[in-house]
Amino acid sequence: MQSTKNKPTAFPVRFFGSLFSPRRMFANRDQFNWLQIIVLFIFLTAVMVMPIPFYYNHQTNFNLSPFLPHIDKMMASDQMQTALKAADYHNQQFDNVQHQVIIKTKDNVAGFDLTTADMAGRKNVINLHTSTFQVKSVGSTFKAKYVPGHDLRTNAHAFLVNSWYQSNKVMIGLFMLMALGLIIVGVNLILVNGAAFFLFLSRHNKITHIRNFREGVNLTLMMMGIGSLLAMVIGLIHFDVTIELTVQSLSLAFVVLLVYLKTKFKDPEVDQTMLL
């Protein structure tokens, strides 16, 4: 008679199968090795990052002021509105473009077909041409083309900002993905290592049955799972990275409390049949 053994549950299935059971989370706290832990951390971080490119890819309005404040101020000026209202604009291009300086200060200049002399020594430049324009600020030059969506005669600021954003959407999306992604990675590292460290410390007083730091990390990642998925859904509906991080942190605190109430972080309280 040949004995049969139950096949071990696959790594991802074990993780997802534990998310909705506090007892199963605690029972499976020693089931993942360090390589699997890294994969889980990357997955939970990617879940939180996912709404960022989705949001910026579908964004139609952009607040330029925090990124290029001097450029935004020139675009919103009365001089710019007056100049563009008087310009001959049809079919996404200006006709009969001639050299014209609209705004000129010590550091800023804006106008049509500006010369090298006009732009010399200026830190912030808006140089308008027939069908394209350049924006120079913070040591970089951005090229853009005029796009439909706003009437430049009634709202030159929205027209220019929208044209700049639509022409540089990919670059902006990548920049925001990297910037906000690094913030999310940093917060996740603090949450995982902080919670795991306190769980690990509890073993010295025999308060819990967590035997090592790896078990603390495993348990923390499973407890973060629901909050990360919930934060992703909220971020896809209404993107705000601070709301995402708040939802994830509060969910983690709630799940930690739930796991403690169900298991007291001790093995005798865990039904061994819960092991996947």
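# Notebook: helices and cores in a predicted model

**Entry 1, helix H11.** I began with the buried residues of H11, and noted Val241, Glu244, Leu245, Val247, Gln248, Ser251, Leu252, Val255, Val259 and Thr263. I keep in mind throughout that this is a predicted model. H11 runs over residues 241–263, and its 23 residues reach 33 Å from the first C-alpha to the last, close to the 33 Å expected at 1.5 Å a residue. I then looked up what the buried residues of H11 pack against, and wrote down five partners: helix H2 (22–27), helix H3 (34–49), helix H4 (51–58), helix H9 (169–201) and helix H10 (213–237). Just after H11 comes Lys264, and I noted that its phi is positive, near 55°.

**Entry 2, one residue of H11.** I picked out Gln248, which lies in H11, and asked whether Gln248 is buried or exposed. Its relative accessibility is 1%, and because buried means under 20%, Gln248 counts as buried. Setting aside neighbours within four places in sequence, I found Gln248 in contact with Met48, Asn188, Leu191, Met224, Gly227, Ser228 and Ala231.

**Entry 3, H3 against its neighbours.** I next followed H3, one of the helices that the buried residues of H11 pack against. How do H3 and H9 lie relative to each other? Their axes come within 10 Å and cross at roughly 135°, and H3 and H9 are therefore oblique to each other. The crossing in which H3 passes H9 is right-handed. On the H3 side I listed Phe41, Leu44, Thr45, Met48 and Val49 as making the contact, and on the H9 side Leu177, Gly181, Ile184, Val185, Asn188, Leu189 and Val192.

With H10 I found the axis of H3 coming within 9 Å and crossing at roughly 20°, so H3 and H10 are roughly parallel to each other. Here H3 passes H10 in a left-handed crossing. The H3 residues in this contact are Trp34, Ile37, Leu40, Phe41, Leu44, Val47 and Met48, while H10 contributes residues including Phe213, Val217, Leu221, Met224, Ser228 and Met232.

For H4 I noted that its axis and that of H3 come within 5 Å and cross at roughly 20°, which makes H3 roughly parallel to H4. The residues that meet are Val47, Met48 and Val49 in H3 and Pro51, Ile52 and Pro53 in H4.

**Entry 4, the nonpolar cores.** I looked up the largest nonpolar core and found that it has 43 residues, with Met75, Leu84, Leu128, Phe133 and Trp164 having the most contacts inside it. Helix H8 (residues 156–167) gives the most to this core, with six residues. There is also a second, separate core of 25 residues, and among its members I noted Phe15, Phe26, Ile210 and Val255. Returning to Leu128, and not counting residues up to four places away in sequence, I saw that Leu128 touches Met80, Leu84, Ile102, Gly111, Phe112, Asp113, Phe133, Tyr146 and Leu160.

**Entry 5, helix H8.** How many of the twelve residues of H8 are buried? I counted nine, so H8 is largely enclosed by the rest of the structure. The buried ones are Ala156, Ala158, Phe159, Leu160, Val161, Asn162, Ser163, Trp164 and Tyr165. I also checked the length of H8: at 1.5 Å a residue its twelve residues should span 16 Å, and its end C-alpha atoms are 17 Å apart, which agrees.

Within H8 I stopped at Asn162, which is buried with a relative accessible area of 10%. Beyond four places in sequence, Asn162 touches Thr60, Val147, Pro148, Gly149 and His150. I also compared Asn162 with Phe26, and found the two 136 residues apart in sequence and 51 Å apart in space, C-alpha to C-alpha.

**Entry 6, Ile71.** My last residue was Ile71, which is found in helix H5 (residues 69–75) and, at 0% relative accessibility, counts as buried. Which residues does Ile71 touch, not counting those up to four places away in sequence? I wrote down Leu64, Asn124, Val125, Ile126, Val135, Lys136 and Ser137. Finally, I noted that Ile71 and Val161 are 90 residues apart along the chain, with their C-alpha atoms separated by 9.5 Å.

Key. Residues are numbered from 1 along each chain as its sequence is written. This is a predicted model: local features need pLDDT of at least 70, side-chain atom pairs count only at pLDDT 80 or more; totals for chains, interfaces and linings use all residues. Side-chain values use heavy atoms; hydrogens and water are left out. A nonpolar core is a set of buried Ala, Val, Leu, Ile, Met, Phe, Trp, Tyr and Cys residues joined through side-chain atoms within 4.5 Å. Buried means under 20% relative accessible area, exposed over 50%, partly exposed in between (1.4 Å probe, protein chains only). Helices (H or I, at least four residues) and strands (E, at least two) are DSSP runs, numbered from the N terminus. Contact means heavy atoms within 4.5 Å. The expected span of a helix is 1.5 Å times one less than its number of residues. Axes are lines fitted to C-alpha atoms, for helices over the stretch in contact, and angles run from 0 to 180 degrees between N-to-C directions. Angles under 35 degrees count as roughly parallel, over 145 as roughly antiparallel, 65 to 115 as roughly perpendicular and the rest as oblique. A crossing is left-handed if the near helix is turned anticlockwise from the far one by less than a right angle, and right-handed if clockwise.
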